[in-house]
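Let's take a walk through this one together. Have the viewer open and turn things around as we go.

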Amino acid sequence: MVLYNEATGSTHHLTSLGTYVMLALLQHPAGIDFAALVRTIDACVELAEGLVLQDEVERVLAGLAELRLVARVAA
Amino acid sequence: MIIADLSADELRRELDGAGLRIRVGPIVVAVRSSFSAVADGLALHYAAHAIGPPDFADFHVSVEPPLSPRRWFAPQALFRFDGGPPFTPLPAAQAFPLFEWGLNWCICAHCHQYVVVHAAVLARKGRAMILPAPPGSGKSTLCAALAARGWRLLSDELTLIDIETGVIVPIPRPISLKNASIATIARFWPEAPMGAIVPDTLKGSVAHLQPPAQSVRSSADMAVPAWIVVPRYRPAAAAELVPLGRSAAFMQLADNAFNYSTHGRRGFERLVDVVDRSQCFGFTYGGALEDAVLTFDRLADAV
């Protein structure tokens, strides 16, 4: 997925997992609980052996937050 | 009236006077120069281009010797745009390539009615094939080979995508060949109308190829995006066309665009539209130009 961030004027080319995370987030504009997000992603991707989905989603979210594409808030 | 209608003396008078006005695709450029290499280059490579109106030009440029003491022992050429030099001078022997590079700069820096992409673009039956690629990927070699075999040359270097409509606006100019590709094209197309080889430029040896007259005469005929092909030259590789993901194709256009960020969201949406209209491929080849041409002819014929 490629997306344009109007706030920064930057264009981003997301990885495959990044794309799934972003699509899941776009389906929940009011926000989604981290555990629910991981469950949603788990239904669509198969990770390479040795990788933990929770950690990978955490890493992707951190990257997206750094790019100011998502914001994390306390529940 | 076209440039070829001018005698050598008339052409020199225009270059020495108010400027030779050349209609190049959607723009008119007024050129002044006292270099015979520029006069000869324009006479050969712009022979089929129309002479522009006497009272208007988009760009006023000149290629002249700079007024420095170096002119007595190491003659140089200086490109000026509206009287000011955007670059440092180059050796006088590079006067014609300097004109070409300078005109590229004028277009990239000022033609923001387009998304300007560093890409060759050719067309068949009004459908455009965009070849975005960094230097060294074999883009110009492939472009010259396809132009030699009847594809309409829209541009060897700059793809102009109309920001409003998304159509590709032709700007056929000389094809710039470098280093080994000069001999490759000379073998592939022995009667190619090629200018003098200029050695020792920043890009190595450079020679320009006259754009096909029919492509120049069709400059007003826009083309719609149909294929995006990212070429990659790999010595001895067989010609191979493989599908390319749309996001990867998009990034090739964006990364090779000179003014993508200038357009902001509109530029993004325009390039998305171009990708949506196109089939996208990666193309690896190793210099077998007949195979390459055959591959693209089949692609065009499959439509």
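B:Asp82 sits in the loop that links β4 (76-81) and β5 of chain B. Bear in mind that this is a predicted model, so the angles here are computed from predicted coordinates. The phi of B:Asp82 is near 50°, which is positive even though the residue is not glycine. As a general rule, most residues other than glycine have a negative phi. Is B:Asp82 exposed or buried? It has 10 C-beta neighbours inside 10 Å, so it counts as exposed.

Chain A has a residue with a similar story to tell. A:Arg68, also not a glycine, has a positive phi of about 60°. You'll find A:Arg68 in the segment that follows α3 (53-66) of chain A. With 11 C-beta neighbours inside 10 Å, A:Arg68 counts as exposed, because the cut-off for that class is 12 or fewer.

Back to chain B and its strands. Five of them make an open sheet in the order β1-β2-β3-β4-β5, and the pairing is mixed. Which strands stand at the edges? They are β1 (20-24) and β5 (90-91) of chain B; each has a single partner strand, so one side of each has no neighbour in the sheet. Further in, strand β2 (residues 27-33) of chain B runs parallel to strand β3 (residues 59-64) of chain B, and five bridges join the two. If you'd like one bridge to click on, B:Val29 has B:Phe59 in β3(B) as its partner. In general, strands of a sheet pair through backbone hydrogen bonds, and they can do so either parallel or antiparallel.

Now look at helix α2 (residues 36-45) of chain B. Its buried residues are B:Ala37, B:Val38, B:Ala39, B:Gly41, B:Leu42 and B:His45. What covers them? The cover includes three strands we have already met, β1, β2 and β3, along with α1 (8-16), α3 (95-110) and β13 (204-209) of chain B. As background for reading such a pattern, an α-helix has 3.6 residues a turn, so residues three or four places apart point the same way.

Over to chain A, which has three helices and two strands. Starting at the N terminus, its elements run β-β-α-α-α. The C-alpha atoms of chain A fill a box of roughly 35 × 30 × 20 Å along the principal axes. For 75 residues, a compact globule would have a radius of gyration near 11 Å, and the 12 Å of chain A agrees with that. Buried residues come to 13% of the 75 residues in chain A. Of the contacts in chain A with a separation of 6 or more, 39% are between residues 24 or more positions apart.

For a closer look at how chain A packs, try A:Val38 in helix α2 (residues 34-42) of chain A. Beyond its neighbours within four places in sequence, A:Val38 is in contact with A:Leu53, A:Gln54 and A:Val57. A:Val38 and A:Gln54 are 16 residues apart in sequence, while their C-alpha atoms are 6.3 Å apart in space. With 19 C-beta neighbours inside 10 Å, A:Val38 counts as partly exposed, since buried would take 20 or more.

Finally, the place where the chains meet. Seven residues from chain A and eight residues from chain B take part in the contact. On the side of chain A that touches chain B, β1 (2-5) and β2 (10-13) of chain A are the elements that give two or more residues. By class, that side of chain A has three nonpolar, three polar and one charged residues.

How values were computed
Residues are numbered from 1 along each chain as its sequence is written. Chains are lettered from A and ligands numbered from 1 in the order in which they are written. This is a predicted model: local features need pLDDT of at least 70, side-chain atom pairs count only at pLDDT 80 or more; totals for chains, interfaces and linings use all residues. Two residues are in contact if their C-beta atoms, placed from the backbone, lie within 7 Å. Helices (H or I, at least four residues) and strands (E, at least two) are DSSP runs, numbered from the N terminus. Ala, Val, Leu, Ile, Met, Phe, Trp, Tyr, Cys and Pro count as nonpolar, Asp, Glu, Lys and Arg as charged, and the others, Gly among them, as polar. Two strands pair if DSSP finds at least two bridges between them. The radius of gyration is taken over C-alpha atoms; the globule rule is 2.2 Å times the number of residues to the power 0.38.
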